[in-house]
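Subject: Structure for you to look at

Dear colleague,

I am handing over the structure below, and after it I set out what was found. Please read the notes with the structure open beside you.

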2 protein chains.
Amino acid sequence: MNKQLKLVKRPVGMPEADTWNLESNPIPELKEGEVLIQNHYISLDPAMRGWMNNVRSYIPPVQIGDVMRAGSIGEVIKANNHPKYKVGDVLTGWGGVQQYNVTDGSGYYPVDTSLAPMPTYIGTLGMPGMTAYFGITEVGKIKEGDVVLVSGAAGAVGSVVGQVAKIKGCRVVGIAGGAEKCKYLVDELGYDGAIDYKNESVFKGIKKHCPEGVDVYFDNVGGDILDAALANIRMHARIVICGAISQYNNTDKINGPSNYLSLLVNRATMQGMVVMDYAKDYREAAMNMGTWMAQGKLKSKEDIYEGIENFFPTFERLFNGDKKGKLILKVLETAKV
Amino acid sequence: MNKQLKLVKRPVGMPEADTWNLESNPIPELKEGEVLIQNHYISLDPAMRGWMNNVRSYIPPVQIGDVMRAGSIGEVIKANNHPKYKVGDVLTGWGGVQQYNVTDGSGYYPVDTSLAPMPTYIGTLGMPGMTAYFGITEVGKIKEGDVVLVSGAAGAVGSVVGQVAKIKGCRVVGIAGGAEKCKYLVDELGYDGAIDYKNESVFKGIKKHCPEGVDVYFDNVGGDILDAALANIRMHARIVICGAISQYNNTDKINGPSNYLSLLVNRATMQGMVVMDYAKDYREAAMNMGTWMAQGKLKSKEDIYEGIENFFPTFERLFNGDKKGKLILKVLETAKV
């Protein structure tokens, strides 16, 4: 039997436990060219909230009655003449919040777990890491000496953004919630400064840590923090719009950036990005980031919870900030002795 | 005597008549290397409102007690060994709202009034025209076949934006206030469509006229119209932030674009611009636009009022939309017989 979490209603504001329903369903027979993947881990990402809204976006919404979309990693445990994959292969892709997935393999790619453990492949070497890598290099166009500011700086995307920027020779300041996360940014990840948005003015913090202004701001949060950043940009600054976690559960309309005319004053650019556009270069990015990890220059931290039954309390941590690294849920059930 | 309009207080919201004071002062003696310019026309632009606020911007604010800043055109009537200019030269520059200006000529450049009349040099061949030209080509990066949407489309900047885009092979839709202006855009300027924001939903108008979405949106107004445009952009769209006339007199904070996450969904770019950055290419732009004007492809329309005493009621027309083309004030007093 396959435990599957299905979307049963469209949330208004913050989702609640009854937004989804956990079902047990038989695993269908494999058709020719299909594989059965046993999911080990699924990725929890703020973007999931957006996928639940019935609006035109960069990806179709999850439909009512569908398995909740999620990035995943798992092992092929059965194959029916699949042209590429065989039993024992470890694949990452869009497996969804469920324990098993039958697929023809499209959207999946194989990974080598002798180089990095499974959770890393849905974190720093997966979608969040790729988002960070391409966002800061291709959209942010960082160059040595740039002052880089990143929000959600201790998160799965933000922590990679800052570290990649440091590797590329930038001065990096992170915005995160709480003293512990800020200490982690500076002491563990080597950020040049950190601003604790829960306990200090972000505007003043940016002024203090970036007295000459910000060249590149990587935004994961939107809202007031985006406005504070806009008020402190430098001439020809680039603002990367990656997400807006502060706004995803708004029931009213989104707070647009009141300070957007700073783009005019500073001849600056605000540009949106979606990681899928860079798929053809994932491999190269993974090699670069894998090398940096091996060299100890790029650190990866996962916060792993267990049991598909615990999806909802784990999902909540995305929005209340109660997490220590990339949020991951282990959905594999190990046999009870 | 020189009639000069001086800023006497910082306005809150829409300026009032007593924001400025008209004085008569003697014209100072010329120092070595200076010229005396008799201003014929001054340019009225929405940007003037911004220059009155005591905030960091792309140009220092006008100080209390200073002559109000304005673009101008006039004739040299006296020269004291000026290295470049002599009596009879016609110069355009930042002469301010006054009848005479003593200057060393910095920021001025000479124009040939046998090719175009004086008002055109502070309109289509002046700052508004240059803003339009560089904004739509360099920042908007228009190419043949693009769908171009422009707000303030009948204004000094907007009308040139749309016509240049037409010349470059784009499909052009304009947003303006009132049936008369909309008719002018389509019948006189050759726009492919026009949306009357005073009498119809801009969102629905864009949907109707740009069913496949907008490639380039040139924004002069901000506010709800910017939001309606954001909701209708196409993949990889470019949004040129040139101004935000709907917000300049706000006494509360500016309305930021609530739909800015459309930048993410559509991998789009929003970029600010200031015309001064393109000064080195003004000459080439003026030649191109002058040629188009001579060929009848680019039309220029000025709405000229008379008398420096009438500055304030003319200025008001910038914001209430009651104007027919580029707003200009003739400050030259012709001798009474």
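How many residues does the contact take from chain A and from chain B? Bearing in mind that this is a predicted model, the contact takes 25 residues from chain A and 25 residues from chain B. On the side of chain A that touches chain B, the elements that give two or more residues are α8 (262–265) and β13 (269–272) of chain A, and of these β13(A) gives the most, with four residues. Sorted by character, the residues on that side of chain A comprise 14 nonpolar, eight polar and three charged.

The strand β13(A) also pairs across the two chains, since three bridges join β13(A) to strand β13 (residues 269–272) of chain B, and the two strands run antiparallel. Within this pairing, Met270(A) has Met270(B), in β13(B), as its bridge partner.

A second place to look is Gly223(B), which is found in helix α7 (residues 223–230) of chain B. Is Gly223(B) buried or exposed? Gly223(B) counts as partly exposed, because 18 C-beta neighbours lie inside 10 Å, whereas a buried residue would need 20 or more and an exposed one 12 or fewer. Apart from neighbours within four places in sequence, Gly223(B) is in contact with Ser246(B), Gln247(B) and Asn255(B). As for Phe319(B), which lies 96 residues from Gly223(B) along the chain, the C-alpha atoms of the two residues are separated by 14 Å.

With kind regards

Note on methods. Residues numbered from 1 in each chain as written. Chains lettered and ligands numbered in written order. Predicted model: local features only at pLDDT ≥ 70, side-chain atom pairs only at ≥ 80, totals over all residues. Contact = placed C-beta atoms within 7 Å. Nonpolar A, V, L, I, M, F, W, Y, C, P; charged D, E, K, R; others polar. Pairing = 2+ DSSP bridges.
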